[in-house]
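Good morning. I will go through one structure today, beginning with a single pair of residues and working outward from there.

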Amino acid sequence: MLFNFVSNQINQIKKCAVTSIKTFEREQTFSNKISMKTKPALTKFEIHPLLKERWSPRAFSDQMIETEKLQRMFEAARWAPSSSNEQPWSFIVGRKGDSVYANIFSTLVEFNQLWAASAPVLILAIARKSSIKNPEKENHSARYDLGQAIAYLTFQAAADGLFVHQMGGFDLKKAAELFNVPENHLVVTVTAVGYIGDPEILHPNLKPMEYAERLRKPLTEQVFGTKFGESIDFVE
Ligand SMILES: Cc1cc2nc3c(=O)[nH]c(=O)nc-3n(C[C@H](O)[C@H](O)[C@H](O)COP(=O)(O)O)c2cc1C
């Protein structure tokens, strides 16, 4: 028992040391003004580098996104799967300096306004809540499908060296009014996209989050066997 306790403590110390070294290395990279590309997921099993290295930064560089990259992002979203192929998503895109961007930005909660101003592009994501084939009925998959479209957009953006940060913290009603969103549609998220920036531009309260390790629940709490909550061997 004592052996287990000591060995657990040693493992904890090792984990902290590794995290501190990684954070230190990242800070060094930033202070040398070399742009950071990754804050990799500390995975239990190996995954595709695009998935491993994607994360949601709050500091963006002021470089605008090239038109071809914007085109590819929305082309990728377009090819996401959806229930009955209804493709219930729409996007309103603001580029820094235009009135669409200013209007989307004006809907963000104060916390998000603290950082999102550095993003060159803000996207308002909208889901059609009524079914197209059967307009009387609700499309229960609308938000799910929109989420998948954003995931496609996110990974295409990542393949092009861009980073995406989604937000739920904004005034949905104000956004719907500002952009004449029809009644049978839902305003769901605002997404910031751009090239990664220097965390030192962030408000002091936000810097620690930018440097922090990315955390996830263990797979054993998410993937089950015979019954809900019951373990399955291959994730242990
Ligand atoms: C639907 C949705 C809403 C979110 N809302 C906010 C938000 O309002 N503000 C914010 O700073 N981050 C927001 N996030 C970002 C999450 O906090 C972030 O994805 C999560 O902490 C995991 O971090 P990672 O993406 O770097 O792995 C949101 C993410 C999603 C998918």
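**From one bridge to the whole sheet**

Start with Ile126, whose bridge partner in strand 4 is Val187. Keep in mind throughout that this is a predicted model. A second pair of this kind is Arg128, which has His185 as its bridge partner in strand 4. Strand 2 covers residues 121-128, and strand 2 and strand 4 are joined by eight bridges and run antiparallel.

What joins strand 3 to strand 4? There are five bridges, and these two strands also run antiparallel. Gln166, for example, has Thr191 as its bridge partner in strand 4.

Now put the strands together. The result is an open sheet of four strands, with antiparallel pairing, in the order 1-2-4-3. Strand 1, residues 89-95, and strand 3 are the edge strands, each pairing on one side only. Direction ignored, neighbouring strands in this sheet are turned against each other by 25° on average.

Is strand 4 mostly enclosed or mostly open? Of its 10 residues, eight are buried, so strand 4 is largely enclosed by the rest of the structure.

Next, the helices. In total the chain has eight helices and four strands. Following the sequence, the pattern reads α-α-α-β-α-α-β-α-β-α-β-α. Helix 6 is the one to look for on your screen, as it lies across strand 1, strand 2, strand 3 and strand 4. Its direction is at about 150° to strand 2.

**The core**

In soluble globular proteins, nonpolar side chains tend to be buried together. Here, the largest nonpolar core has 37 residues. Leu122, Leu124, Ala125, Leu146 and Val193 have the most contacts inside this core. Which elements supply at least two residues each? They are helix 3 (67-78), helix 5 (110-116), strand 2, helix 6 (142-159), strand 3 (163-167) and strand 4 (185-194). Strand 2 gives the largest share, seven residues.

Take Val193 as a case. Neighbours within four places in sequence aside, Val193 is in contact with Ile65, Ala119, Val121, Ile123, Ala157, Leu162 and Val164.

For the chain as a whole, 24% of the 236 residues count as buried. Looking at contacts with a separation of 6 or more, 73% are between residues 24 or more positions apart.

**Around the ligand**

Which residues are around the ligand? They are Trp55, Ser56, Asn112, Gln166, Met167, Gly168, Gly169, Thr189 and Arg214. By type, this shell divides into two nonpolar residues, six polar and one charged.

Gln166 has come up already: it is the residue that has Thr191 as its bridge partner. Let me stay a little longer with another member of the shell, Thr189, which is found in strand 4. Why does Thr189 count as buried? The cut-off is 20 or more other C-beta atoms within 10 Å. Thr189 has 20 C-beta neighbours inside 10 Å, and therefore counts as buried.

Leaving out residues up to four places away in sequence, Thr189 touches Ala125, Gln166, Met167 and Gly168. Ala125 is one of the residues with the most contacts inside the core, while Gln166, Met167 and Gly168 are all listed around the ligand. Thr189 and Gly168 are 21 residues apart in sequence, yet 5.1 Å apart in space, C-alpha to C-alpha.

**Two loop residues and one in a helix**

Finally, three residues elsewhere. Ser84 is in the loop between helix 3 and strand 1. Ser84 is not a glycine, but has a positive phi of about 55°. Asn85 is in the loop between helix 3 and strand 1 as well. Its phi is near 50°, again a positive value in a residue other than glycine.

How do Ser84 and Asn85 count for exposure? Ser84 counts as partly exposed because it has 13 C-beta neighbours inside 10 Å. Asn85 is exposed, because it has 9 other C-beta atoms within 10 Å.

The third residue is Ser106, in helix 4, residues 99-107. Ser106 has 13 C-beta neighbours inside 10 Å, so it counts as partly exposed. Its C-alpha atom is separated by 8.8 Å from that of Asp171, which is 65 residues away along the chain.

That is where I will stop.

Conventions: Residues are numbered from 1 along each chain as its sequence is written. This is a predicted model: local features need pLDDT of at least 70, side-chain atom pairs count only at pLDDT 80 or more; totals for chains, interfaces and linings use all residues. A nonpolar core is a set of buried Ala, Val, Leu, Ile, Met, Phe, Trp, Tyr and Cys residues joined through C-beta atoms within 7 Å. A residue is buried if 20 or more other C-beta atoms lie within 10 Å of its own, exposed if 12 or fewer, and partly exposed in between; C-beta atoms are placed from the backbone. Two residues are in contact if their C-beta atoms, placed from the backbone, lie within 7 Å. A residue is near a molecule or strand if its C-beta atom, placed from the backbone, lies within 6 Å of it. Ala, Val, Leu, Ile, Met, Phe, Trp, Tyr, Cys and Pro count as nonpolar, Asp, Glu, Lys and Arg as charged, and the others, Gly among them, as polar. Two strands pair if DSSP finds at least two bridges between them. Axes are lines fitted to C-alpha atoms, for helices over the stretch in contact, and angles run from 0 to 180 degrees between N-to-C directions.
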